[in-house]
Amino acid sequence: MAEIDLTQADLAARAGVALMTVRELQHNLQPRRRNPRTLAAVSEALGWPGDQLARVLEGQPADDVDQGDPVLAELDAVRADLTAVFRRLDAIERQLGTGAEPS
């Protein structure tokens, strides 16, 4: 919720559930069987697949909700490019003998 700047009240409103339901789910206050529609509504309000919370509550591995995100893929590509640039810069500095020396 913090990542998407969402309060418990916001999530409850988006999901169409009671605020207490969100609190119970978030803090596991009342461990009990949950209505699949409630879990799906909260999952979807978070931008997750509808079965995400149900899978987590059943102890199944959670889906990677970020998988296939084009922004994250672009960030990975930028990270790889920067790593390559730093390696090349290090190699050039070694060749020139201008690497940073300890003080």
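## A walk around helix H1

Start by selecting Val17, which sits in the loop between H1 and H2. This is a predicted model, so keep that in mind as you click around. Show what touches Val17: setting aside neighbours within four places in sequence, its contacts are Ala12, Val22, Thr38 and Val42. Now add Leu39 and draw a C-alpha to C-alpha distance from Val17. The two residues are 22 apart along the chain, and the distance reads 9.8 Å.

**Zoom out for a moment**

Colour the whole chain by secondary structure. You should see five helices and zero strands, so the pattern along the sequence is simply α-α-α-α-α. Switch on a surface if you like: the chain exposes about 8,000 Å², with 53% of that coming from carbon and sulfur atoms. Of the 103 residues, 17% count as buried. If you prefer a contact map, look at the contacts with a sequence separation of 6 or more; residues 24 or more positions apart make up 21% of them.

**H1 against H2**

Next, select residues 8–15 for H1 and residues 19–27 for H2. Two numbers are handy here, since a pair of packed helices is described by the angle between the axes and the distance between them. For H1 and H2, the angle is about 115° and the axes are 8 Å apart. That makes H1 roughly perpendicular to H2. The crossing of H1 past H2 is right-handed.

Which residues make this contact? Show side chains for Gln8, Ala9, Leu11 and Ala12 on H1, then Leu19, Val22, Arg23, Gln26 and His27 on H2. Coloured by class, this contact gives you five nonpolar, three polar and one charged residue.

**H1 against H3**

Keep H1 on screen and bring in H3, residues 36–45. The axes of H1 and H3 come within 8 Å and cross at roughly 120°. Left-handed or right-handed? H1 passes H3 in a right-handed crossing.

For the side chains, pick Leu11, Arg14 and Ala15 in H1, and Ala41, Val42 and Ala45 in H3. How many residues in this contact are nonpolar, polar or charged? Five are nonpolar, none are polar and one is charged. Two names should ring a bell: Leu11 also belongs to the contact with H2, and Val42 is one of the residues touching Val17.

**The segment before H1**

Finish by sliding back to Ile4, in the segment before H1. Is Ile4 buried or partly exposed? With a relative accessibility of 42%, Ile4 counts as partly exposed. Add Gly47 and draw another C-alpha distance: Ile4 and Gly47 are 43 residues apart along the chain, yet their C-alpha atoms are separated by 9.4 Å.

Last stop is Asp5, also in the segment before H1. Check the backbone torsions there. Most residues other than glycine have a negative phi. Asp5 is not a glycine, but its phi is positive, at about 50°. Turn the surface back on and you'll find Asp5 exposed, with a relative accessible area of 69%.

Conventions:
Residues numbered from 1 in each chain as written. Predicted model: local features only at pLDDT ≥ 70, side-chain atom pairs only at ≥ 80, totals over all residues. Heavy atoms only, no water. Axes fitted to C-alpha atoms, helices over the stretch in contact; angles between N-to-C directions. Helix = DSSP H or I, 4+ residues; strand = E, 2+ residues; numbered from the N terminus. Parallel < 35°, antiparallel > 145°, perpendicular 65-115°, else oblique. Left-handed = near helix turned anticlockwise from the far one by under 90°. Contact = heavy atoms within 4.5 Å. Nonpolar A, V, L, I, M, F, W, Y, C, P; charged D, E, K, R; others polar. Buried < 20%, exposed > 50% of the residue type's maximum accessible area, 1.4 Å probe, protein only. Areas by Shrake-Rupley, 256 points an atom, 1.4 Å probe, with all protein chains shown as cover.
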